[in-house]
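Q: Hey, got a minute to walk me through a model on my screen?
A: Sure, pull it up and fire away.

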Amino acid sequence: TPEMATSKREKLGELLQLLEDKKLRGKGKDRGSPVLKINKSGISKKTEIFLDSGHKKICWKRTGSLSFFSSNIRSIPLTDVVDTQISHDTLKIITPSRQYEFKAGNADSRNGPFENWRRFFQHRALQNSGIEPYTFADYIQATWNEVDTDRSGSLKMDEVKAVMHKLGVARDAKYIEEMFRRLDADNNNELDFDEFTRCMQELFGQRPEVSAILRKADPAKPDPAKPDPGEPAAI
């Protein structure tokens with residue numbers, strides 16, 4: 001049901017917040033969960049593991065001789081992950097080229113430090129299997145996460161222009177500026193998530209080939225190119 005789908009999306013959002021880079025939300029100096037990274041020689045070193053702002057990469061602080069540089073981050077694109085092995089105190093991430101192993105940094109953790117990672121990969125497996133399809137709402141949320149890198153909860157005009165250009169749905173600058181001002185309901189020169197959602201629906205809804213794909217992926221949602229029968233047509 002739509003209510004269940006919304007609940008699942010909200011729970012996933014809460015889960016992603018727990019796993020993503022804490023620096024985005026100003027939560028202290030730690031960037032992720034404290035763990036031990038096991039190198040090829042079997043030596044363990046302290047690090048922190050987290051998701052990047054767009055939730056497309058698994059990241060950790062480098063544990064080698066250059067680890068004192070805060071920007072020196074190692075990462076694995078999620079598209080490269082072919083398998084995972086997760087237990088109470090171990091996370092193994094397997095890619096075509098090698099295996100990455102992390103151990104719990106705190107053996108006293110009640111639920112295990114990798115429980116949230118297990119839930120995250122379980123959700124990805126459901127999406128990839130088609131049991132839990134990737135909907136247009138998921139696409140909007142993922143796009144928002146990637147653009148709102150400072151987690152301010154709003155986007156300025158230049159940020160909206162940049163993302164529309166990147167997605168290939170950009171009109172001319174004048175059109176985007178007019179739409180921005182029209183959708184900026186509270187007139188604060190920023191779009192919040194709901195306003196950004198309406199922006200995306202309007203832009204994608206004007207492309208019939210995209211509308212057809214979105215309806216197939218999320219049949220519960222009306223065609224964004226057509227007005228709701230219960231609502232007056234836009235003038």
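A: We'll go through the sheet, the cysteines and one glutamate.

Q: Anything I should know before reading numbers off it?
A: It's a predicted model, where local features need pLDDT of at least 70, side-chain atom pairs count only at pLDDT 80 or more, and totals for chains, interfaces and linings use all residues. Residues are numbered from 1 along each chain as its sequence is written, and side-chain values use heavy atoms, with hydrogens and water left out.

Q: OK, what's the strand order in the open sheet?
A: The seven strands run β4-β3-β2-β1-β7-β6-β5, with antiparallel pairing. Strands here are DSSP runs (E, at least two residues), numbered from the N terminus, and two of them pair if DSSP finds at least two bridges between them.

Q: Which strands stand at the edges?
A: β4 (73-77) and β5 (83-86); each has a single partner strand, so one side of each lacks a neighbour in the sheet.

Q: And how many bridges join β1 and β2?
A: Six, linking residues 33-38 of β1 with 44-51 of β2 in the antiparallel sense. I38 sits opposite S44 of β2.

Q: Switching topic: how many disulfides?
A: Zero, counting a disulfide as two cysteine sulfur atoms within 2.5 Å.

Q: Is C59 buried or exposed?
A: Buried, at 6% relative accessible area. The cut-offs are under 20% for buried, over 50% for exposed and partly exposed in between (1.4 Å probe, protein chains only). C199 is buried too, at 1%.

Q: Where's E20?
A: In the loop between α1 (2-19) and β1; helices are DSSP runs of H or I, at least four residues. E20 is buried, at 2% relative accessibility.

Q: What does its side chain make a polar contact with?
A: The side chain of H55, at 2.8 Å. A polar contact is a pair of N or O atoms within 3.5 Å; within protein, one must be able to donate a hydrogen and the other to accept it, and residues adjacent in sequence count only if both atoms are side-chain atoms.
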